[in-house]
Amino acid sequence: MKPQKLMDIRFYKHHDFDMEKGGWSLLPDNQISERFVLKLYETDFSTPGYDHVYIYLTDKLKHGEIQFDFGGTSVQNLLAGVKFSEILKKPFERDDFYIKLVADSLNFLADRDGLKKSYIQEVKELVSTHKDTLEIWCASKTTKSYEIRLFMLMENQPKLFVEVTDLATKTKSQQKIVELKDTRDVFKLTSKVTVSKGVIRVIPRKSASADWIFSNHLYALQSAGFLGQDGKSIEIRGMI
């Protein structure tokens, strides 16, 4: 099978943790897993073929124990033993619990499938350290005078930023471009960066879904003064 980038990690639990009765429900604490996936996507981390990992929480296993449940071509399902009290903690403590849970689950798969553990540890440390201030790289452009970097800040409401570094003075400046409707929108909005006559132009991907996502952000871009003259791109002025 062709190696795949990991695209999604989800947490499920049963309201009474009884695996035999079915009725698993998706947990809303998905920001940690999404941050993990997006940072792994920046690396060379890949799986033998699956791109989704679903983690089912149960108190029928010892706390911290990970077991393989079942899997298909694109999805691997794991059981994770937890104490119910762990997911009732305050948000900050709960974040640390989920970060460890994701890392332990991926390390379980790494031992089984020969995945690169160094990337898992690297991303775990980044997510643990930065949490809401975690930056996701999107696109970049380097000229003779400037380095331009687009990144998403992973707050509760994700935001797209541009950062410009003056290569002569090493000074940096940042500016928020737009609040995103969804974290995955950023990759449709930032396919390519060009620079011409002091204007930074961000060109979206070419697809029906990218056009739809751009239209959802068009009013916000126009209100902030970043809508390109063609009405189909992002233009940033006054930074170079």
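## A walk through the predicted fold

Five helices and twelve strands make up the secondary structure of the protein chain. Please keep in mind as you read that this is a predicted model. Taken along the principal axes, the box filled by the C-alpha atoms of the protein chain is roughly 65 × 40 × 35 Å. The protein chain has 240 residues, and 44% of them are buried. Of its contacts with a separation of 6 or more, 54% come from residues 24 or more positions apart.

### The helices

Let's start with helix α1, which spans residues 31-41. Is this helix mostly covered or mostly uncovered? It is mostly covered, with nine of its eleven residues buried. The buried set consists of I32, S33, E34, R35, F36, V37, L38, K39 and L40.

Helix α1 meets helix α3, residues 117-130, and the two axes come within 10 Å of each other. At what angle do these axes cross? The crossing is at roughly 130°. Angles over 145 degrees would count as roughly antiparallel and 65 to 115 as roughly perpendicular, and α1 and α3 are therefore oblique to each other. Their crossing is right-handed. On the α1 side, the contact is made by I32, R35, F36, K39 and L40, while α3 brings in Y119, I120, V123, K124, L126 and V127. Sorted by character, the residues of this contact are eight nonpolar and three charged, with no polar ones. Several of the α1 contact residues also appear in the buried set, among them I32, F36 and L40. A general point about helices helps when viewing such a contact: an α-helix has 3.6 residues a turn, so residues three or four places apart point the same way.

Helix α2 covers residues 91-113, and D96 lies in it. D96 has 36% relative accessibility and therefore counts as partly exposed. Looking across the model, the C-alpha atom of D96 is separated by 35 Å from that of L221, a residue 125 positions away along the chain.

### The four-stranded sheet

Next comes an open sheet of four strands, in the order β6-β7-β8-β9, with antiparallel pairing. Why do β6 and β9 each have one side without a neighbour in the sheet? Strands β6 (135-142) and β9 stand at the edges and have a single partner strand each, so one side of each is left free of a neighbour there. On average, neighbouring strands of this sheet are turned by 20° against each other, direction ignored.

Strand β6 is joined to β7 (residues 146-153) by seven bridges, and the two run antiparallel. Within that pairing, S140 has R149 in β7 as its bridge partner. At the other end of the order, β8 (residues 159-166) and β9 (residues 172-179) also run antiparallel and are joined by seven bridges. Here T165 stands opposite K172 of β9. Strands β8 and β9 form a hairpin, and five residues lie between them. As a general guide for viewing, side chains in a regular strand alternate between the two faces of the sheet.

### The three-stranded sheet

Another open sheet has three strands in the order β10-β11-β12, again paired antiparallel. At its edges stand β10 (192-196) and β12 (234-237); each has a single partner strand, so one side of each lacks a neighbour in the sheet. Neighbouring strands of this sheet are turned by 20° against each other on average, direction ignored. Five bridges connect β10 with β11 (residues 199-203) in the antiparallel sense. One of the matched pairs is V195 with its bridge partner I200 in β11.

### Two lysines with positive phi

Two loop residues are worth a look in your viewer. K170 is found in the loop between β8 and β9, and its phi is positive even though the residue is not a glycine. K197 sits in the loop between β10 and β11, and this residue, also not a glycine, has a positive phi too. Their values are set out below.

| Residue | Loop | Phi | Relative accessibility |
|---|---|---|---|
| K170 | between β8 and β9 | near 65° | 59% |
| K197 | between β10 and β11 | about 55° | 84% |

Exposed means over 50% relative accessible area. At 59%, K170 therefore counts as exposed, and K197 does so at 84%.

Notes: Residues numbered from 1 in each chain as written. Predicted model: local features only at pLDDT ≥ 70, side-chain atom pairs only at ≥ 80, totals over all residues. Heavy atoms only, no water. Pairing = 2+ DSSP bridges. Buried < 20%, exposed > 50% of the residue type's maximum accessible area, 1.4 Å probe, protein only. Axes fitted to C-alpha atoms, helices over the stretch in contact; angles between N-to-C directions. Parallel < 35°, antiparallel > 145°, perpendicular 65-115°, else oblique. Left-handed = near helix turned anticlockwise from the far one by under 90°. Contact = heavy atoms within 4.5 Å. Nonpolar A, V, L, I, M, F, W, Y, C, P; charged D, E, K, R; others polar.
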